[in-house]
Amino acid sequence: MLATLSFKLFMREIRSGYLTSMLLSLVLAVTIVSGISLFTDRLEKVLSSETQEFLGGDLKFESNDTSIKDVLETLNLKDSKSSEMAILASVIFSEEEMQLSSIKAVDNAYPLIGELELENSSGTYKTTESPTPGNIWMDERLKNLLSLEYGDKIYLGDATFVFEATIIYEPDRGSTNFAFAPKTIMNIGDIDKTNLIQPGSRVEYNYLFTGPDEEISQIRNILEENRNQGDDIESLDEDDSSLGKTIDRSENFFLLGGLIAVLLSACTIGISSQRFARRHISYVAILKTLGMNLFQIRGLYLLLFLYTTLLTLVLGLTFGWLLQSNFISLMDSYFPTELPAPSLYPLYVTCVTVLICQFGFIYPHISKLLDISPMRVLKNDISFNQNILPIFFMGLMAFLLLLYIYTNQITLSLIIFSGVIIFSFIGIGCIYLLLGKSKLGLGAQDPISLALSELRRRRLSNSFQIFAFTVAIGLSLITFSASKNLLGSWQDSIPENSPNNFAINITKEDKESMKIFLAGNDIEVDLFYPVANAQIVRTKDKDDIIDRNFNITWVEDLPGQNEIVDGDWFQEGVENGISISDEIAERYNLNMNDEIILQMEDGSIETYIQSIRAVNWESFSPNFFVIGHPSLFKEKSSTHITSFFIPEAKQKVAAELMREFRTVSVFSVEELIKQVRDIVNQVTKALNSILLLTCLSALFLAFSALQDGFDQRRHQAAILRTLGATGRFIRTSSLIEFSILGLVSGLLGSAIAQTGVYFIEARVFETIPGFYPEIWFMGPIIGILIVSGLCLYLVNGLMKQSPKELLKLQT
Amino acid sequence: MILTTKNLRKEVPSGESNLVILDDITFNLEEGKSLAITGPSGSGKSTLLGLLAGLDTATSGEIVLDGIDLHLLNEEERAILRKDKVGFVFQSFELLPSLTALENVMLPSELKSEDNPRKKGEYFLERVGLSDRQKHYPNQLSGGEQQRVAIARAFACSAKILFADEPTGNLDPKNGKLISDLLFEVNSETDNALVIVTHDQDLASQCDKKIELKLGKIID
Ligand SMILES: Nc1ncnc2c1ncn2[C@@H]1O[C@H](COP(=O)(O)OP(=O)(O)O)[C@@H](O)[C@H]1O
Ligand SMILES: [Mg+2]
């Protein structure tokens, strides 16, 4: 009987339209939450397998020597695998030609992850083996440069090899530091025969590990303990490629958008359930007088909300699934494999969200509703404003809980939470201070005094409205600004016509003729940066060699995409000093003004650290760890590197260039740029739909906050009109009143947005936070426009009915 | 004549066809006189009163109130007419719950932008015997007291004509008598016309004129 009654009640509520805004916001919240968490879940899975493959394992240890091997031998690994490789550069000879190549010498465990794709005379094939001793694999470019056929002899150091296959695809693309040079893969067992590795020669050893998480973190700890200066540990969560960062940041943005949409919806749900409860006071009172006991009434309403929950979950999850499959289909052409199925986590997050919303924002209102004494109805006393604070408090706690669940960071949650509370209180305080004490009377002489007196009189409900508007405006501004920043930083990193070709190994002699060649083909070229190898040694402690070779350049002016973070760029008159990147400053503990010696092939240079730079490694232009003052290097030999943009139509020029300058290596990053651009475009589409959904939730919130206020105004408007107030009078007065509310909320929303963006930039996107003037004028304008626009819509609705009908509706 | 109606008809849409609530209502009322409208529940009394006071529009027919053709006015013009010429007392009081008794009574003067709404409010509140309840809110007053505030508010309108829809309908006989006496008493001090809807034959007989409705028509 309870079930049928509650079902009837449910259907009636749905039909009457009073549940609409609550249902819509719940559905919207579930849609966004499930859509985003499903999407990011799948994206994360595919990315971590991509990154794993890129890295070549779960964990990578880079060192300049093999000393770690002793430590590794003591390790007792059960379920993990490891692989060793040596990476060096050397000149390779065929019968007729010679060419510099980057060489990867791998052990028999290689590759730990994925498979290689090779080609020989009988076609392409895939393998998970490493080359057998005596055999060597090379990439296509090297094969052509050396004019090789399969089976030809190759000379490397003191050893002779057979060219067995061409490398089409290798899984661990992240393994090589000399990525620009053509590549060779050989067996590490052959290395000694070549005699290539001598004391002081430049070799990097990589140790790769895969295995279960616990063992990997155990290995990581041991590596951390035993690492020397210059050793580097990389793991899956440190994908530094520009693609990885792009996707990583957009993922953060998706989660942020989801959180914001949920918070907005939660507020809407709170407001609409208050409205629902108010409407049901007389209903409950009548049920009580008809003899229904509290237990039954509670059951009735709990069932009602069970139906609501089920309906929203079904609808929301369906829409959420559609949303994520839409996102996935935007991006799936960029992933080589079928995307993995999502885990159960998104479902869990969604259900927890709905549960928190129910208990934090709906249940308190219902439970308060049940306390209503039937007497109140008989006395025609349907005001419901007393003691609303406990309900508000419950709502706030749920708000905080949601924040925590979504950010997983207690400090960040508390910051956002207290930000919202503090700004709302400031706003409410301002309103109180500005308006002063209530005066006698309604102030119905003119629209302005009526508006002001209404603002004074309805302080409590105004405060809730300001809170709601502020949350709506502030959070949508955060979303808007975050998406704009994100897109901006992406576009900045790859500007139109940014260089799509790099040329390295340019000799002094080639430099001038290459300039002429490029100019002749109308191709603008960047600076020709001189490049040499240098080792940095501290002057104070000569034994403490920073044993790593750095590519060093020397230029007059600070290259673009570089930002001085400490010290100054070379000043006029001082012809000394170097500038280092902040990464190596940190990694080798080098500080400003440290005296150092640069050891180069043709002599040493004594100098000091003049400045520390932040380098944007995501940019597609030549970047350097070390830049020196040009006058220090006048006598030094070097090759040059440059970059330039070859338009689609002039692709032939690239081939001509390579033929003309045979020792120069030209390689194109066109494909990579295109891929990043495409992904950015697709991600932008997804970002915009999140932005749209968030704004929709904000609009719902603003609307239901206003609607709530208007229920209370309906009666007053009818009485004022009966007493002769014109529609115009009421409309003007309401417009003034709500424009003021909109203005205040807009300003507060801007303040919240600016603060929020600050923390998001600093902590989530890890960029330098900025000040955004546009936020400050968008907030108030949007506030006034949206709030007074919605208000006008609602007032016009009231004006369509005659005062007589309005009064009838009331009772 | 303060009020004249001619062939007044009110229909409301009901399903496919229209429901006729009022039909062929014609009568008039001289200035300063009182009129009682009686009839069984559902006969259309409240609807008629709403039309006469300009709160609603008739389907056809004419209403002339203090020389103004009410049926020709739009809603904004009717609002101004209500402000200048009409006072209203409802069966369910219709006070603003967020205003005190005094503020409720001040409201009409405020809307008319009169000089001292407070003085006028205090005067009429005293006139209905509620001086000591000025600062009380409607939910702190009994039904009878609320209706007295509503009457004070109606008189504060300084209207040419005052409409009261079963002003005693929600009250017990003792309070009802008090209210109707008050209504006539205060009205006698002004030269207002009074139109009152009532079931109460006593009350009706105190009026100068009486019409009876049945199923939306006047019966003699
Ligand atoms: N807006 C309306 N829609 C449908 N029926 C209405 C409407 N207003 C009044 N009625 C009907 O018109 C009749 C007269 O109503 P009313 O004037 O309130 O009667 P009274 O005041 O005499 O009791 C009633 O039957 C009522 O149900
Ligand atoms: Mg009636």
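This report describes the contact between chains A and B, two sheet regions, a set of salt bridges and one buried serine in a predicted model.

Because the model is predicted, local features are taken only at pLDDT of at least 70 and side-chain atom pairs only at pLDDT 80 or more, whereas totals for chains, interfaces and linings use all residues. Residues are numbered from 1 along each chain as its sequence is written, chains are lettered from A and ligands numbered from 1 in the order in which they are written, and side-chain values use heavy atoms, with hydrogens and water left out.

## The interface of chain B and chain A

With contact taken as heavy atoms within 4.5 Å, 32 residues of chain B touch 28 residues of chain A. The buried area, meaning the accessible area (1.4 Å probe) that two parts lose on being put together, summed over both, is about 2600 Å² here, and carbon and sulfur atoms give 60% of that area. On the side of chain B, Glu94(B), Glu110(B) and Leu111(B) lose the most area to chain A, together 22% of what that side buries.

Two salt bridges cross this interface, a salt bridge being a side-chain nitrogen of Lys or Arg within 4 Å of a carboxyl oxygen of Asp or Glu. Nine residue pairs across the interface, both members at pLDDT 80 or more, are in polar contact; that term stands for a pair of N or O atoms within 3.5 Å, where within protein one must be able to donate a hydrogen and the other to accept it, and where residues adjacent in sequence count only if both atoms are side-chain atoms. Helix 1 (45-52), helix 2 (75-85), helix 3 (101-111) and helix 4 (117-127) of chain B each supply at least two residues of the side that touches chain A, and the largest share, seven residues, comes from helix 3 of chain B. Helices (H or I, at least four residues) and strands (E, at least two) are DSSP runs, numbered from the N terminus. By class, that side of chain B has 16 nonpolar, six polar and 10 charged residues, where Ala, Val, Leu, Ile, Met, Phe, Trp, Tyr, Cys and Pro count as nonpolar, Asp, Glu, Lys and Arg as charged, and the others, Gly among them, as polar.

## Salt bridges

Over all chains the count comes to 24 salt bridges, and the table gives some of them.

| Pair | Closest N to O distance |
|---|---|
| Glu103(B) and Arg457(A) | 3.1 Å |
| Lys217(B) and Asp23(B) | 3.5 Å |
| Glu189(B) and Arg127(B) | 2.4 Å |
| Lys177(B) and Asp181(B) | 3.0 Å |

The pair of Lys217(B), in strand 10 (residues 217-219) of chain B, and Asp23(B), in strand 2 of chain B, links parts of the chain that lie 194 residues apart. Buried means under 20% relative accessible area, exposed over 50% and partly exposed in between (1.4 Å probe, protein chains only); Lys217(B), at 43%, is therefore partly exposed, while Asp23(B), at 19%, is buried. Lys177(B) and Asp181(B), by contrast, are four residues apart in helix 6 of chain B, so they are separated by about one helical turn. Lys177(B) is partly exposed at 45%, and Asp181(B) is partly exposed at 31%. In addition, Arg721(A), Glu75(B), Arg78(B) and Arg82(B) are linked in a network of salt bridges.

## Strands in both chains

Strand 1 (residues 59-63) of chain A is mostly covered, with five of its five residues buried. Leu59(A), Phe61(A) and Ser63(A) point one way from this strand, and Lys60(A) and Glu62(A) point the other way. In a regular strand the side chains alternate between the two faces of the sheet.

Two strands pair if DSSP finds at least two bridges between them. Strand 1 of chain A runs antiparallel to strand 11 (residues 232-235) of chain A, joined by four bridges, and Glu62(A) stands opposite Asp232(A) in strand 11. Strand 1 of chain A also pairs in the antiparallel sense with strand 10 (residues 203-210) of chain A over five bridges, with Phe61(A) opposite Tyr207(A).

In chain B, four strands form an open antiparallel sheet in the order 2-1-4-5, with strand 2 (17-29) and strand 5 (68-69) as the edge strands, each pairing on one side only. Two bridges join strand 4 (residues 60-65) of chain B to strand 5 of chain B, and Leu65(B) has Ile68(B) as its bridge partner in strand 5.

## A buried serine in chain A

Ser481(A) lies in helix 14 (residues 459-493) of chain A and counts as buried because its relative accessibility is 5%. Leaving aside neighbours within four places in sequence, Ser481(A) is in contact with Val757(A) and Ile775(A).
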